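Biologist: Let's go through this structure together. Please keep the answers brief.

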Amino acid sequence: MKIAVLGAGSWGTVLADLLVHNGHQVMLWGNSQPVADEINQAHTNRHYLPEFAIDPAVEASLDLEATLADAAGILFVIPTAAMRIVAKQVAAVLAKTGAKPILISATKGLEQNSHKRISQIIGDEFPAELAQSLVIFSGPSHAEDVATHDITSLTVASENIKDAEWVQGIFMNEYFRLYTNDDMVGVELGGALKNVIAIGAGVLHGLGYGDNTKAALITRGIAEISRLGIELGANPLTFMGLSGIGDLIVTCTSVHSRNWRCGNALGQGQKLADVLTNMGMVVEGVGTAKAAHELSAQCNVEMPISESIYRVLYEDADVHEEIDRLMQRKGKRELDFQRY
Ligand SMILES: NC(=O)c1ccc[n+]([C@@H]2O[C@H](COP(=O)([O-])OP(=O)(O)OC[C@H]3O[C@@H](n4cnc5c(N)ncnc54)[C@H](O)[C@@H]3O)[C@@H](O)[C@H]2O)c1
Ligand SMILES: O=P(O)(O)OC[C@H](O)CO
């Protein structure tokens, strides 16, 4: 079966390799000719994955039409900021060819200004028949660990469980296990909002805080993610799963996390602009912090930790003052969900 993978960064490259390992034909679409040449000739992508030997059967290309031709599935693995523009390009090609592949998104974030989830962007850009096939691919999964075949489990969510099962079937193998879920809202929000909390976990580490503090951040982090999710119609139990607490744990504790590393550098006193320049890869939590700030205000849902991280990122707030502000809030009940 042919699968088109869009996005030749760290996650797209590793997923392309995994699909070839599973016996599929893969074309990996990127936007850099030197990167595509390196993948095709040296079978490496050293900027994103310095140690990784890519299966020579992974074919990289900058030609979108050739990449999409005869693909049974299209996997989007590009930053949230590029999702709408790439979705438009893909929709135009499919309108011309009449092909109806399954759409899959491994991207985690909320669109700037609109605060839309990836499934809502896809819903805007594709005809309903295609958008309804969308499967969200999310959960605790750093590319660096999947590259070494570390055992990994994810969630695949779709309105149509048959499409989620199809995706489960093409990706599962001896080191990669997927579970289906029909709660797209919960899975998408868990994957997007955990990146904001992970920046906070990195900040705490950079400042020298210990394990109690990190556990408190993770636990109260999932509480506020769940609070917004429930307000937006998610199943509360989804936040106890791989795409909720699972992804929050890995992103708040792994040195591979770009969001954690960003926070850690901020905690050590570096400037955000320098951190992002030096990272050379997408740090989704920065944009999502702004979207979460606006969305939580719009929904009238309290997200105090995400709000403090927003102020550190966008208003140059002092980190110590934000920690004091969080600790001095009035005492409250632990289980403060309105509807459950
Ligand atoms: N890296 C991981 O371990 C990992 C794991 C799970 C999910 N994700 C999610 O996957 C998404 C991609 O992350 P990543 O880590 O692979 O990012 P990355 O920064 O490593 O790579 C992103 C790639 O997208 C390409 N790109 C950007 N704009 C483009 C455009 N308009 N057209 C074509 N290509 C474009 C870039 O050139 C780059 O190759 C993010 O939403 C991230 O949260 C990443
Ligand atoms: O490296 P990060 O922080 O973008 O996180 C990557 C994945 O979302 C972890 O599951």
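**Around the ligand**

Biologist: Which residues come nearest to ligand 1?
Modeller: This is a predicted model. The surroundings of ligand 1 comprise 27 residues. Those that come nearest are Gly9, Trp11, Ala82, Ala143 and Met281.

Biologist: Which element gives the largest share of the shell around ligand 1?
Modeller: Two elements give two or more residues to this shell, α1 (10-21) and α4 (80-97). The largest share is 4 residues. That share comes from α4.

Biologist: How many residues of each class does the shell around ligand 1 have?
Modeller: The shell draws at least three residues from each of domain 1 (2-182) and domain 2 (192-327). Its make-up by class is 13 nonpolar, 12 polar and 2 charged residues.

**Two residues from the record**

Biologist: Which residues does UniProt list for "binding site"?
Modeller: The entry is unreviewed. Under "binding site" it gives Ser10, Trp11, Tyr48, Lys108, Ala143, Arg258, Val282 and Glu284.

Biologist: Is tryptophan 11 buried or exposed?
Modeller: Tryptophan 11 sits in helix α1. Not counting residues up to four places away in sequence, it touches Val77, Ala106 and Ala143. The cut-off for buried is 20 or more other C-beta atoms within 10 Å. Tryptophan 11 has 26, so it is buried.

Biologist: Why does valine 282 count as buried?
Modeller: Valine 282 lies in the loop between α13 (272-279) and α14 (284-299). Beyond its neighbours within four places in sequence, valine 282 is in contact with Pro79 and Arg258. Valine 282 counts as buried because its C-beta neighbours inside 10 Å number 24.

**Between the domains**

Biologist: What distance separates the centres of domain 1 and domain 2?
Modeller: The domain assignment of the chain gives domain 1 as 2-182 and domain 2 as 192-327. The centres are taken over C-alpha atoms. They are separated by 25 Å.

Biologist: How many residues does the contact take from domain 1 and from domain 2?
Modeller: On the side of domain 1 that touches domain 2, at least two residues each come from α4, α7 (143-147), β7 (152-157) and β8 (176-181). The largest share there, 3 residues, belongs to β7. In total, the contact takes 24 residues from domain 1 and 24 residues from domain 2.

Biologist: Which classes make up the side of domain 1 that touches domain 2?
Modeller: Nonpolar residues number 7 on that side. The other classes there are 13 polar and 4 charged residues.

Conventions:
Residues are numbered from 1 along each chain as its sequence is written. Chains are lettered from A and ligands numbered from 1 in the order in which they are written. This is a predicted model: local features need pLDDT of at least 70, side-chain atom pairs count only at pLDDT 80 or more; totals for chains, interfaces and linings use all residues. A residue is near a molecule or strand if its C-beta atom, placed from the backbone, lies within 6 Å of it. Ala, Val, Leu, Ile, Met, Phe, Trp, Tyr, Cys and Pro count as nonpolar, Asp, Glu, Lys and Arg as charged, and the others, Gly among them, as polar. Domain bounds come from an automatic or database domain assignment. Two residues are in contact if their C-beta atoms, placed from the backbone, lie within 7 Å. UniProt positions are given in the numbering used here, feature names are shortened, and annotations may be inferred rather than shown by experiment. A residue is buried if 20 or more other C-beta atoms lie within 10 Å of its own, exposed if 12 or fewer, and partly exposed in between; C-beta atoms are placed from the backbone.
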